[in-house]
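Visitor: Could you walk me through this one while I have it open? I'd like to begin with a turn and then work outwards.

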Amino acid sequence: MKLSERFDRRYQQTPTATQPAIPVEAPAAPPQVAGDGVANIAPVERRAVPRENPTAPQNVVEVSRAADAQGALSPGLAAAKAEIHADLLRRHAAAIDITNRAGIRRLLMQLTEEHFRAKPPAALVTADDRERLVEVLFDEVIGLGPLEAPLRDPDITEIMVNRPEQIFVERRGRIELTNLAFEDEASLRRVIDRIVSTIGRRVDESEPMCDARLKDGSRVNVVIPPVAIYGPCLTIRKFGREILTPERIVASGGSSEAILEYLDAAVKTRLNVIVSGGTGSGKTTLLNVLSAFIPANERIVTCEDAAELRLRQVHVISLESKPANVEGHGQIAIRDLVRNALRMRPDRIIVGEVRGGEALDMLQAMNTGHDGSMSTLHANNAHDAMTRLETLVLLAGTELPSRAIRGQIASAINVVVQTERLRGGARKIVSVAEMLGVVDGEIAMQEIFNFRQVGVTPDGRAVGYHTATGQPSNFQAHFQSDGVELPASMFTPTEQPAPEQLY
(Lines give C-alpha, C1' and ligand atoms only; values in the text may rest on other atoms or scores of the structure.)
Protein backbone atom coordinates (compact mmCIF):
# COMPACT_ATOMS: atom_id res chain seq x y z
CA MET A 1 0.00 0.00 0.00
CA LYS A 2 1.30 3.44 -0.93
CA LEU A 3 2.15 5.86 1.84
CA SER A 4 -0.52 8.26 0.56
CA GLU A 5 -3.14 5.49 0.90
CA ARG A 6 -2.25 5.11 4.55
CA PHE A 7 -2.90 8.79 5.08
CA ASP A 8 -5.82 9.57 7.38
CA ARG A 9 -8.87 9.61 5.09
CA ARG A 10 -10.46 12.43 7.06
CA TYR A 11 -8.06 14.82 5.38
CA GLN A 12 -7.75 13.19 1.99
CA GLN A 13 -10.78 14.69 0.17
CA THR A 14 -10.16 12.52 -2.89
CA PRO A 15 -13.32 12.58 -4.99
CA THR A 16 -12.37 9.51 -6.98
CA ALA A 17 -12.55 7.44 -3.81
CA THR A 18 -16.28 8.08 -3.54
CA GLN A 19 -17.07 7.53 -7.23
CA PRO A 20 -18.03 4.05 -8.44
CA ALA A 21 -15.72 2.57 -11.02
CA ILE A 22 -16.94 2.81 -14.62
CA PRO A 23 -16.87 -0.61 -16.31
CA VAL A 24 -15.25 -0.92 -19.70
CA GLU A 25 -18.55 -2.01 -21.20
CA ALA A 26 -20.26 1.27 -20.26
CA PRO A 27 -19.74 4.09 -22.77
CA ALA A 28 -17.78 6.92 -21.21
CA ALA A 29 -19.06 10.45 -21.57
CA PRO A 30 -17.30 12.13 -24.50
CA PRO A 31 -14.98 14.97 -23.59
CA GLN A 32 -16.08 18.50 -24.29
CA VAL A 33 -14.16 19.77 -27.28
CA ALA A 34 -13.40 23.41 -27.94
CA GLY A 35 -13.37 25.03 -31.32
CA ASP A 36 -9.73 24.12 -31.82
CA GLY A 37 -10.43 20.44 -31.29
CA VAL A 38 -8.70 20.33 -27.89
CA ALA A 39 -10.43 18.79 -24.93
CA ASN A 40 -11.19 21.14 -22.06
CA ILE A 41 -12.19 20.56 -18.47
CA ALA A 42 -15.92 20.21 -18.26
CA PRO A 43 -17.94 22.59 -16.06
CA VAL A 44 -17.82 21.67 -12.42
CA GLU A 45 -20.66 20.65 -10.19
CA ARG A 46 -20.71 20.86 -6.41
CA ARG A 47 -21.59 18.18 -3.93
CA ALA A 48 -21.60 18.09 -0.13
CA VAL A 49 -19.21 15.62 1.51
CA PRO A 50 -19.95 14.94 5.20
CA ARG A 51 -17.16 14.27 7.66
CA GLU A 52 -16.39 10.63 8.33
CA ASN A 53 -16.57 10.96 12.11
CA PRO A 54 -20.24 10.27 12.89
CA THR A 55 -20.00 11.79 16.34
CA ALA A 56 -18.66 15.11 15.12
CA PRO A 57 -20.98 17.92 14.04
CA GLN A 58 -22.09 17.36 10.46
CA ASN A 59 -20.31 20.29 8.87
CA VAL A 60 -20.05 19.81 5.15
CA VAL A 61 -17.19 20.58 2.84
CA GLU A 62 -17.98 21.79 -0.65
CA VAL A 63 -15.94 19.91 -3.18
CA SER A 64 -15.71 20.80 -6.85
CA ARG A 65 -15.64 17.88 -9.24
CA ALA A 66 -14.84 17.92 -12.94
CA ALA A 67 -17.15 15.89 -15.13
CA ASP A 68 -16.23 12.28 -15.81
CA ALA A 69 -15.06 13.13 -19.32
CA GLN A 70 -11.82 14.46 -17.84
CA GLY A 71 -11.71 12.31 -14.73
CA ALA A 72 -9.68 9.22 -13.94
CA LEU A 73 -9.95 6.32 -16.37
CA SER A 74 -11.98 3.28 -15.45
CA PRO A 75 -9.93 0.28 -14.24
CA GLY A 76 -10.28 -1.45 -17.60
CA LEU A 77 -9.18 1.57 -19.63
CA ALA A 78 -6.40 2.32 -17.15
CA ALA A 79 -5.02 -1.20 -17.58
CA ALA A 80 -5.24 -0.85 -21.36
CA LYS A 81 -3.46 2.51 -21.19
CA ALA A 82 -0.58 1.01 -19.18
CA GLU A 83 -0.17 -1.86 -21.66
CA ILE A 84 -0.29 0.41 -24.72
CA HIS A 85 2.20 2.82 -23.16
CA ALA A 86 4.57 -0.03 -22.33
CA ASP A 87 4.16 -1.38 -25.89
CA LEU A 88 5.00 2.07 -27.28
CA LEU A 89 8.19 2.31 -25.23
CA ARG A 90 9.22 -1.25 -26.07
CA ARG A 91 8.72 -1.01 -29.82
CA HIS A 92 9.11 2.66 -30.72
CA ALA A 93 11.08 4.40 -27.93
CA ALA A 94 14.07 5.15 -30.14
CA ALA A 95 11.97 6.47 -33.02
CA ILE A 96 9.68 8.83 -31.07
CA ASP A 97 10.05 12.45 -32.18
CA ILE A 98 8.08 14.65 -29.78
CA THR A 99 8.07 17.48 -32.31
CA ASN A 100 6.04 15.31 -34.71
CA ARG A 101 2.73 15.57 -32.89
CA ALA A 102 0.63 14.27 -35.79
CA GLY A 103 2.91 11.26 -36.24
CA ILE A 104 2.75 10.37 -32.54
CA ARG A 105 -1.05 10.63 -32.56
CA ARG A 106 -1.27 8.30 -35.58
CA LEU A 107 1.08 5.84 -33.89
CA LEU A 108 -0.98 5.84 -30.69
CA MET A 109 -4.20 5.27 -32.64
CA GLN A 110 -2.55 2.34 -34.43
CA LEU A 111 -1.31 0.78 -31.19
CA THR A 112 -4.71 1.26 -29.56
CA GLU A 113 -6.49 -0.45 -32.45
CA GLU A 114 -4.01 -3.34 -32.33
CA HIS A 115 -4.43 -3.69 -28.58
CA PHE A 116 -8.21 -4.00 -28.62
CA ARG A 117 -8.20 -6.12 -31.78
CA ALA A 118 -6.03 -8.66 -30.01
CA LYS A 119 -8.33 -8.72 -27.00
CA PRO A 120 -11.88 -9.48 -28.15
CA PRO A 121 -14.65 -8.67 -27.83
CA ALA A 122 -13.51 -5.28 -29.11
CA ALA A 123 -17.09 -4.13 -29.64
CA LEU A 124 -17.49 -3.63 -25.88
CA VAL A 125 -15.10 -0.66 -26.05
CA THR A 126 -16.77 2.23 -27.81
CA ALA A 127 -15.19 4.61 -30.29
CA ASP A 128 -15.46 7.35 -27.68
CA ASP A 129 -13.52 5.18 -25.23
CA ARG A 130 -10.75 4.68 -27.76
CA GLU A 131 -10.57 8.35 -28.68
CA ARG A 132 -10.43 9.30 -25.03
CA LEU A 133 -7.70 6.74 -24.40
CA VAL A 134 -5.64 8.09 -27.32
CA GLU A 135 -6.00 11.65 -25.94
CA VAL A 136 -4.82 10.55 -22.48
CA LEU A 137 -1.86 8.67 -23.96
CA PHE A 138 -0.99 11.59 -26.23
CA ASP A 139 -0.95 14.01 -23.28
CA GLU A 140 1.23 11.64 -21.27
CA VAL A 141 3.73 10.97 -24.05
CA ILE A 142 4.42 14.55 -25.18
CA GLY A 143 2.70 16.67 -22.53
CA LEU A 144 1.99 16.75 -18.82
CA GLY A 145 -0.63 14.00 -18.64
CA PRO A 146 -3.81 14.94 -16.73
CA LEU A 147 -2.50 18.50 -16.29
CA GLU A 148 -2.84 19.27 -19.99
CA ALA A 149 -6.58 19.98 -19.73
CA PRO A 150 -6.33 22.53 -16.88
CA LEU A 151 -3.32 24.10 -18.59
CA ARG A 152 -5.50 24.75 -21.63
CA ASP A 153 -8.42 26.13 -19.62
CA PRO A 154 -8.14 29.96 -19.64
CA ASP A 155 -10.28 30.26 -16.50
CA ILE A 156 -7.76 28.30 -14.40
CA THR A 157 -4.88 30.36 -13.03
CA GLU A 158 -3.17 27.85 -10.72
CA ILE A 159 -2.81 24.07 -10.57
CA MET A 160 -1.90 22.39 -7.28
CA VAL A 161 -1.01 18.69 -7.22
CA ASN A 162 -0.91 17.67 -3.56
CA ARG A 163 -0.54 13.96 -4.31
CA PRO A 164 -0.90 11.84 -7.46
CA GLU A 165 -4.58 11.26 -6.67
CA GLN A 166 -5.43 14.79 -5.46
CA ILE A 167 -5.34 17.81 -7.81
CA PHE A 168 -6.74 21.24 -6.97
CA VAL A 169 -7.15 24.19 -9.34
CA GLU A 170 -7.84 27.87 -8.85
CA ARG A 171 -10.66 28.93 -11.14
CA ARG A 172 -11.66 32.63 -11.23
CA GLY A 173 -10.04 33.18 -7.84
CA ARG A 174 -11.65 30.18 -6.11
CA ILE A 175 -9.90 26.92 -5.24
CA GLU A 176 -11.67 23.77 -6.46
CA LEU A 177 -10.94 20.08 -6.08
CA THR A 178 -11.07 18.14 -9.37
CA ASN A 179 -11.26 14.42 -10.00
CA LEU A 180 -8.21 14.54 -12.24
CA ALA A 181 -5.51 12.16 -11.06
CA PHE A 182 -2.22 10.58 -12.06
CA GLU A 183 -2.10 6.82 -12.42
CA ASP A 184 0.53 6.50 -9.72
CA GLU A 185 3.47 8.28 -8.15
CA ALA A 186 5.79 7.17 -10.96
CA SER A 187 3.61 8.96 -13.54
CA LEU A 188 3.78 12.19 -11.54
CA ARG A 189 7.54 11.86 -11.17
CA ARG A 190 7.92 11.45 -14.95
CA VAL A 191 6.01 14.68 -15.52
CA ILE A 192 8.13 16.48 -12.91
CA ASP A 193 11.36 15.26 -14.49
CA ARG A 194 10.12 16.35 -17.90
CA ILE A 195 9.45 19.88 -16.63
CA VAL A 196 12.69 20.47 -14.75
CA SER A 197 14.94 18.84 -17.38
CA THR A 198 13.82 21.29 -20.09
CA ILE A 199 15.57 24.16 -18.29
CA GLY A 200 18.58 22.16 -17.14
CA ARG A 201 17.56 21.70 -13.52
CA ARG A 202 17.15 18.58 -11.44
CA VAL A 203 15.13 17.28 -8.52
CA ASP A 204 16.05 14.19 -6.50
CA GLU A 205 16.53 13.08 -2.90
CA SER A 206 19.61 15.27 -2.52
CA GLU A 207 17.76 18.30 -4.02
CA PRO A 208 14.09 17.65 -3.18
CA MET A 209 12.90 21.20 -3.93
CA CYS A 210 13.09 23.00 -7.25
CA ASP A 211 11.72 26.07 -9.03
CA ALA A 212 11.22 25.83 -12.77
CA ARG A 213 9.03 27.17 -15.56
CA LEU A 214 7.09 25.90 -18.53
CA LYS A 215 7.70 27.00 -22.10
CA ASP A 216 4.89 29.55 -21.90
CA GLY A 217 6.44 31.18 -18.81
CA SER A 218 4.23 29.52 -16.19
CA ARG A 219 6.00 29.26 -12.84
CA VAL A 220 6.51 25.76 -11.40
CA ASN A 221 7.46 24.64 -7.90
CA VAL A 222 8.29 21.02 -7.10
CA VAL A 223 8.71 19.30 -3.73
CA ILE A 224 9.35 15.55 -3.50
CA PRO A 225 10.08 13.11 -0.66
CA PRO A 226 11.69 13.09 1.83
CA VAL A 227 10.60 16.73 2.24
CA ALA A 228 7.06 16.05 0.97
CA ILE A 229 5.79 13.33 3.31
CA TYR A 230 2.87 11.96 1.30
CA GLY A 231 4.36 12.05 -2.18
CA PRO A 232 5.54 14.56 -4.80
CA CYS A 233 3.85 18.00 -4.80
CA LEU A 234 3.65 20.12 -7.93
CA THR A 235 2.39 23.71 -8.09
CA ILE A 236 1.95 25.55 -11.39
CA ARG A 237 1.10 29.24 -11.53
CA LYS A 238 -0.03 29.75 -15.09
CA PHE A 239 1.31 32.60 -17.14
CA GLY A 240 -1.52 34.54 -18.73
CA ARG A 241 -1.66 33.96 -22.48
CA GLU A 242 -3.58 37.17 -23.10
CA ILE A 243 -1.70 40.44 -22.78
CA LEU A 244 -3.18 42.39 -19.89
CA THR A 245 -3.71 46.04 -20.75
CA PRO A 246 -4.48 49.02 -18.50
CA GLU A 247 -7.95 49.18 -20.06
CA ARG A 248 -8.66 45.58 -19.06
CA ILE A 249 -7.45 46.21 -15.51
CA VAL A 250 -9.86 49.13 -15.18
CA ALA A 251 -12.71 47.16 -16.76
CA SER A 252 -12.21 44.28 -14.31
CA GLY A 253 -12.15 46.63 -11.29
CA GLY A 254 -8.48 46.06 -10.51
CA SER A 255 -7.70 49.78 -10.60
CA SER A 256 -9.13 53.16 -11.47
CA GLU A 257 -8.20 55.23 -14.52
CA ALA A 258 -6.65 57.90 -12.28
CA ILE A 259 -4.29 55.40 -10.63
CA LEU A 260 -3.04 54.02 -13.93
CA GLU A 261 -2.68 57.52 -15.38
CA TYR A 262 -0.56 58.46 -12.36
CA LEU A 263 1.56 55.29 -12.67
CA ASP A 264 1.98 55.92 -16.40
CA ALA A 265 3.41 59.35 -15.58
CA ALA A 266 5.62 57.92 -12.83
CA VAL A 267 7.17 55.30 -15.14
CA LYS A 268 7.65 57.61 -18.12
CA THR A 269 9.32 60.29 -15.96
CA ARG A 270 11.71 57.66 -14.50
CA LEU A 271 10.52 57.39 -10.92
CA ASN A 272 11.65 54.22 -9.14
CA VAL A 273 8.66 51.98 -8.41
CA ILE A 274 8.24 49.04 -6.01
CA VAL A 275 5.21 46.75 -6.38
CA SER A 276 4.51 44.98 -3.09
CA GLY A 277 1.88 42.47 -2.05
CA GLY A 278 1.23 38.96 -0.84
CA THR A 279 1.62 35.69 -2.69
CA GLY A 280 -0.70 35.49 -5.67
CA SER A 281 -1.79 39.12 -5.39
CA GLY A 282 -0.76 39.97 -8.97
CA LYS A 283 2.59 41.70 -8.41
CA THR A 284 4.35 40.27 -11.46
CA THR A 285 1.27 40.80 -13.63
CA LEU A 286 1.14 44.46 -12.63
CA LEU A 287 4.89 44.81 -13.18
CA ASN A 288 4.37 43.56 -16.74
CA VAL A 289 1.70 46.21 -17.27
CA LEU A 290 3.85 48.99 -15.82
CA SER A 291 6.81 47.96 -17.97
CA ALA A 292 4.69 48.69 -21.04
CA PHE A 293 4.83 52.39 -20.10
CA ILE A 294 8.63 52.47 -20.60
CA PRO A 295 9.59 54.26 -23.83
CA ALA A 296 10.68 51.94 -26.62
CA ASN A 297 14.06 53.68 -27.12
CA GLU A 298 15.43 52.69 -23.69
CA ARG A 299 17.67 49.69 -22.94
CA ILE A 300 16.12 47.42 -20.30
CA VAL A 301 17.78 44.57 -18.38
CA THR A 302 15.58 42.19 -16.36
CA CYS A 303 16.89 39.93 -13.56
CA GLU A 304 14.66 37.06 -12.40
CA ASP A 305 14.72 33.69 -10.67
CA ALA A 306 12.36 32.26 -13.30
CA ALA A 307 11.85 34.33 -16.44
CA GLU A 308 8.22 35.50 -16.19
CA LEU A 309 8.33 39.07 -17.44
CA ARG A 310 7.21 39.56 -21.03
CA LEU A 311 8.25 43.06 -22.03
CA ARG A 312 6.96 44.39 -25.34
CA GLN A 313 9.93 46.65 -26.05
CA VAL A 314 12.58 45.56 -28.54
CA HIS A 315 15.71 46.55 -26.59
CA VAL A 316 15.36 44.07 -23.69
CA ILE A 317 17.92 41.69 -22.18
CA SER A 318 16.51 38.99 -19.88
CA LEU A 319 18.79 37.40 -17.28
CA GLU A 320 17.84 34.35 -15.20
CA SER A 321 19.49 32.96 -12.07
CA LYS A 322 21.01 29.49 -12.04
CA PRO A 323 21.11 26.97 -9.18
CA ALA A 324 24.21 25.07 -8.12
CA ASN A 325 25.14 21.85 -9.92
CA VAL A 326 25.43 18.39 -8.37
CA GLU A 327 28.81 19.26 -6.86
CA GLY A 328 27.38 22.43 -5.31
CA HIS A 329 29.17 24.78 -7.69
CA GLY A 330 28.10 27.12 -10.44
CA GLN A 331 25.29 28.94 -8.66
CA ILE A 332 24.40 32.37 -10.08
CA ALA A 333 22.18 34.33 -7.73
CA ILE A 334 19.98 37.33 -8.42
CA ARG A 335 22.58 39.51 -6.74
CA ASP A 336 25.18 38.40 -9.30
CA LEU A 337 22.76 39.24 -12.10
CA VAL A 338 22.09 42.73 -10.73
CA ARG A 339 25.80 43.41 -10.41
CA ASN A 340 26.43 42.22 -13.95
CA ALA A 341 23.49 44.25 -15.26
CA LEU A 342 25.23 47.42 -14.08
CA ARG A 343 28.01 46.69 -16.58
CA MET A 344 25.61 46.26 -19.50
CA ARG A 345 24.80 49.96 -19.95
CA PRO A 346 21.14 49.66 -18.92
CA ASP A 347 18.76 52.62 -18.88
CA ARG A 348 16.53 50.70 -16.50
CA ILE A 349 16.93 47.57 -14.39
CA ILE A 350 13.88 45.46 -13.54
CA VAL A 351 14.31 42.90 -10.77
CA GLY A 352 11.56 40.28 -10.84
CA GLU A 353 11.48 39.95 -7.06
CA VAL A 354 13.77 41.18 -4.28
CA ARG A 355 14.16 38.54 -1.60
CA GLY A 356 17.77 38.71 -0.45
CA GLY A 357 21.02 40.66 -0.46
CA GLU A 358 20.36 41.89 -4.00
CA ALA A 359 18.23 44.58 -2.33
CA LEU A 360 21.39 46.57 -1.55
CA ASP A 361 22.69 46.33 -5.12
CA MET A 362 19.30 47.37 -6.49
CA LEU A 363 19.14 50.43 -4.20
CA GLN A 364 22.65 51.44 -5.19
CA ALA A 365 21.73 51.10 -8.87
CA MET A 366 18.68 53.33 -8.36
CA ASN A 367 20.86 55.88 -6.59
CA THR A 368 23.60 55.91 -9.24
CA GLY A 369 21.91 56.91 -12.48
CA HIS A 370 19.52 54.05 -13.21
CA ASP A 371 16.34 55.97 -12.49
CA GLY A 372 13.07 54.40 -13.51
CA SER A 373 13.97 50.93 -12.25
CA MET A 374 11.29 48.64 -10.85
CA SER A 375 10.92 45.52 -8.72
CA THR A 376 8.44 43.50 -6.64
CA LEU A 377 8.52 42.68 -2.96
CA HIS A 378 6.47 40.54 -0.58
CA ALA A 379 4.80 42.74 2.05
CA ASN A 380 1.36 43.39 3.57
CA ASN A 381 1.40 47.16 3.06
CA ALA A 382 3.66 49.99 1.93
CA HIS A 383 5.19 50.63 5.36
CA ASP A 384 5.93 46.93 5.85
CA ALA A 385 7.54 46.90 2.41
CA MET A 386 10.08 49.50 3.46
CA THR A 387 10.75 47.69 6.73
CA ARG A 388 11.28 44.42 4.89
CA LEU A 389 13.52 46.11 2.34
CA GLU A 390 15.66 47.36 5.21
CA THR A 391 15.90 43.80 6.55
CA LEU A 392 16.86 42.43 3.14
CA VAL A 393 19.67 44.98 2.83
CA LEU A 394 21.13 43.57 6.06
CA LEU A 395 21.22 40.13 4.40
CA ALA A 396 23.85 41.50 2.01
CA GLY A 397 26.34 41.10 4.86
CA THR A 398 27.45 44.72 5.04
CA GLU A 399 27.52 46.29 8.48
CA LEU A 400 25.50 49.39 7.69
CA PRO A 401 23.69 51.37 10.40
CA SER A 402 19.91 51.61 10.15
CA ARG A 403 20.11 55.36 9.55
CA ALA A 404 22.27 54.83 6.44
CA ILE A 405 20.01 52.04 5.12
CA ARG A 406 16.87 54.14 5.57
CA GLY A 407 18.55 57.05 3.86
CA GLN A 408 19.38 54.82 0.89
CA ILE A 409 15.80 53.51 0.71
CA ALA A 410 14.22 56.97 1.00
CA SER A 411 16.39 58.42 -1.75
CA ALA A 412 16.10 55.39 -4.07
CA ILE A 413 12.40 54.46 -3.86
CA ASN A 414 9.84 56.98 -5.09
CA VAL A 415 6.53 55.14 -5.37
CA VAL A 416 5.19 52.00 -3.67
CA VAL A 417 2.19 50.24 -5.26
CA GLN A 418 0.39 47.75 -3.02
CA THR A 419 -1.60 44.88 -4.55
CA GLU A 420 -3.90 42.49 -2.72
CA ARG A 421 -6.01 39.43 -3.40
CA LEU A 422 -9.32 40.22 -1.74
CA ARG A 423 -12.10 37.91 -0.62
CA GLY A 424 -13.65 36.19 -3.60
CA GLY A 425 -10.33 36.08 -5.48
CA ALA A 426 -10.31 39.57 -7.03
CA ARG A 427 -6.85 41.11 -7.36
CA LYS A 428 -6.70 44.88 -7.04
CA ILE A 429 -4.35 47.78 -6.51
CA VAL A 430 -5.27 48.77 -2.96
CA SER A 431 -2.77 51.57 -2.32
CA VAL A 432 -0.35 53.93 -4.05
CA ALA A 433 2.06 55.76 -1.77
CA GLU A 434 4.90 58.23 -2.32
CA MET A 435 8.14 58.43 -0.39
CA LEU A 436 8.71 61.69 1.51
CA GLY A 437 12.16 60.97 2.95
CA VAL A 438 13.46 60.27 6.44
CA VAL A 439 11.71 62.19 9.24
CA ASP A 440 12.91 61.78 12.84
CA GLY A 441 14.87 58.69 11.84
CA GLU A 442 11.87 56.96 10.25
CA ILE A 443 10.86 56.62 6.60
CA ALA A 444 7.92 58.93 5.91
CA MET A 445 5.32 58.17 3.23
CA GLN A 446 2.04 59.62 2.06
CA GLU A 447 -0.79 57.66 0.45
CA ILE A 448 -2.11 59.14 -2.79
CA PHE A 449 -4.73 56.55 -3.81
CA ASN A 450 -6.38 53.60 -2.09
CA PHE A 451 -9.17 51.07 -2.40
CA ARG A 452 -11.90 51.34 0.21
CA GLN A 453 -13.72 48.09 0.84
CA VAL A 454 -17.26 48.73 2.03
CA GLY A 455 -18.77 45.26 2.18
CA VAL A 456 -18.99 41.66 1.02
CA THR A 457 -21.58 40.32 -1.41
CA PRO A 458 -23.72 37.25 -0.56
CA ASP A 459 -21.46 35.10 -2.75
CA GLY A 460 -18.39 36.14 -0.72
CA ARG A 461 -16.86 38.85 -2.94
CA ALA A 462 -15.31 41.91 -1.36
CA VAL A 463 -16.61 45.10 -3.00
CA GLY A 464 -15.62 48.76 -2.74
CA TYR A 465 -14.22 51.57 -4.85
CA HIS A 466 -10.94 53.33 -5.66
CA THR A 467 -10.44 56.91 -4.57
CA ALA A 468 -7.78 59.54 -4.07
CA THR A 469 -6.93 60.42 -0.49
CA GLY A 470 -6.90 64.17 -1.08
CA GLN A 471 -3.12 64.47 -0.76
CA PRO A 472 -1.53 66.16 -3.81
CA SER A 473 1.41 64.41 -5.39
CA ASN A 474 4.81 65.35 -4.05
CA PHE A 475 6.21 64.90 -7.60
CA GLN A 476 4.03 67.43 -9.41
CA ALA A 477 7.04 69.64 -10.16
CA HIS A 478 8.95 66.58 -11.36
CA PHE A 479 6.12 65.62 -13.71
CA GLN A 480 5.85 69.16 -15.09
CA SER A 481 9.58 69.39 -15.72
CA ASP A 482 9.28 66.26 -17.88
CA GLY A 483 6.32 67.63 -19.78
CA VAL A 484 3.60 65.60 -18.03
CA GLU A 485 0.60 67.51 -16.67
CA LEU A 486 -1.61 65.73 -14.15
CA PRO A 487 -4.86 67.57 -13.37
CA ALA A 488 -5.45 68.57 -9.76
CA SER A 489 -8.88 66.94 -9.92
CA MET A 490 -7.12 63.57 -10.12
CA PHE A 491 -6.22 63.88 -6.44
CA THR A 492 -9.71 64.84 -5.27
CA PRO A 493 -11.42 62.14 -3.17
CA THR A 494 -14.31 60.26 -4.79
CA GLU A 495 -17.65 59.97 -3.02
CA GLN A 496 -18.85 56.46 -2.28
CA PRO A 497 -20.89 55.27 -5.28
CA ALA A 498 -24.25 53.53 -5.16
CA PRO A 499 -24.23 49.84 -4.09
CA GLU A 500 -24.79 48.61 -7.65
CA GLN A 501 -21.70 50.56 -8.81
CA LEU A 502 -19.32 48.98 -6.28
CA TYR A 503 -16.80 46.49 -7.63
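Guide: Gladly, and please keep in mind that this is a predicted model. A good place to begin is the hairpin of S14 and S15, where five residues lie between the strands and Gly424 takes a positive phi near 95°.

Visitor: How many bridges join S14 to S15, and how do they run?

Guide: Strand S14 (residues 415-421) and strand S15 (residues 427-439) run antiparallel, and seven bridges join them. Among the facing residues, Val415 has Glu434 as its bridge partner in S15, and Val417 stands opposite Val432 in S15.

Visitor: What does S14 have on its other pairing, the one with S9?

Guide: There the sense is parallel, with five bridges joining strand S9 (residues 273-277) to S14. In that pairing Ser276 stands opposite Gln418 in S14.

Visitor: Why is S14 described as largely enclosed?

Guide: Because five of its seven residues are buried, S14 counts as largely enclosed by the rest of the structure.

Visitor: Which sheet is this part of, and in what order do the strands come?

Guide: It is an open sheet of nine strands with mixed pairing, in the order S11-S10-S12-S13-S9-S14-S15-S16-S17. Strand S11 (316-320) and strand S17 (462-468) are the edge strands, each pairing on one side only, and the twist from one strand to the next averages 25°.

Visitor: Which helix lies across S15?

Guide: Helix H7 (residues 257-268) does, running at about 50° to S15, and it also lies across strand S12 (348-351), strand S13 (374-378), S14, strand S16 (442-456) and S17. Helix H9 (residues 334-341) packs on the sheet as well, touching strand S10 (300-304), S11 and S12, and its direction makes about 170° with that of S10.

Visitor: Back to S15 for a second: is Arg427 buried, exposed or partly exposed?

Guide: Arg427, which lies in strand S15, has 32% relative accessibility and therefore counts as partly exposed. Leaving aside neighbours within four places in sequence, Arg427 is in contact with Glu170, Gly254, Gly280, Ser281, Gly282, Glu420 and Arg421.

Visitor: And how far is Arg427 from Gly173, C-alpha to C-alpha?

Guide: Their C-alpha atoms are separated by 8.6 Å, although the two residues are 254 residues apart along the chain.

Visitor: Let's change sheets. What is the strand order in the antiparallel one?

Guide: The order is S5-S4-S3-S8-S7-S6, six strands forming an open sheet with antiparallel pairing. Its edge strands are strand S5 (174-177) and strand S6 (209-213), each of which pairs on one side only, while the twist averages 15° from one strand to the next.

Visitor: How many bridges hold S4 and S5 as a pair?

Guide: Strand S4 (residues 166-171) and S5 pair in the antiparallel sense over four bridges, and Val169 stands opposite Glu176 in S5.

Visitor: Which strands does H5 lie across?

Guide: Helix H5 (residues 185-197) lies across strand S3 (156-163), S6, strand S7 (219-223) and strand S8 (233-237), and the helix runs at about 60° to S6.

Visitor: Now helix on helix: at what angle do H10 and H11 pack?

Guide: Helix H10 (residues 358-366) and helix H11 (residues 382-394) pack at an angle of about 110°, with their axes 6 Å apart. The two helices are therefore roughly perpendicular to each other. At the contact, Ala359, Leu360, Met362 and Leu363 in H10 meet Leu389, Leu392 and Val393 in H11, and the residues there divide into seven nonpolar, no polar and no charged.

Visitor: What about H8, and why is it called largely enclosed?

Guide: Helix H8 (residues 283-291) is called that because eight of its nine residues are buried. The buried residues of H8 include Lys283, Thr284, Asn288 and Ser291, along with Leu286, Leu287, Val289 and Leu290.

Visitor: Last topic, cysteines: how many disulfides does the structure hold?

Guide: It holds zero disulfides. As for individual cysteines, Cys303 has 0% relative accessibility and so counts as buried, whereas Cys233, at 25%, counts as partly exposed.

How values were computed
Residues numbered from 1 in each chain as written. Predicted model: local features only at pLDDT ≥ 70, side-chain atom pairs only at ≥ 80, totals over all residues. Heavy atoms only, no water. Axes fitted to C-alpha atoms, helices over the stretch in contact; angles between N-to-C directions. Parallel < 35°, antiparallel > 145°, perpendicular 65-115°, else oblique. Contact = heavy atoms within 4.5 Å. Nonpolar A, V, L, I, M, F, W, Y, C, P; charged D, E, K, R; others polar. Disulfide = S-S within 2.5 Å. Buried < 20%, exposed > 50% of the residue type's maximum accessible area, 1.4 Å probe, protein only. Pairing = 2+ DSSP bridges.
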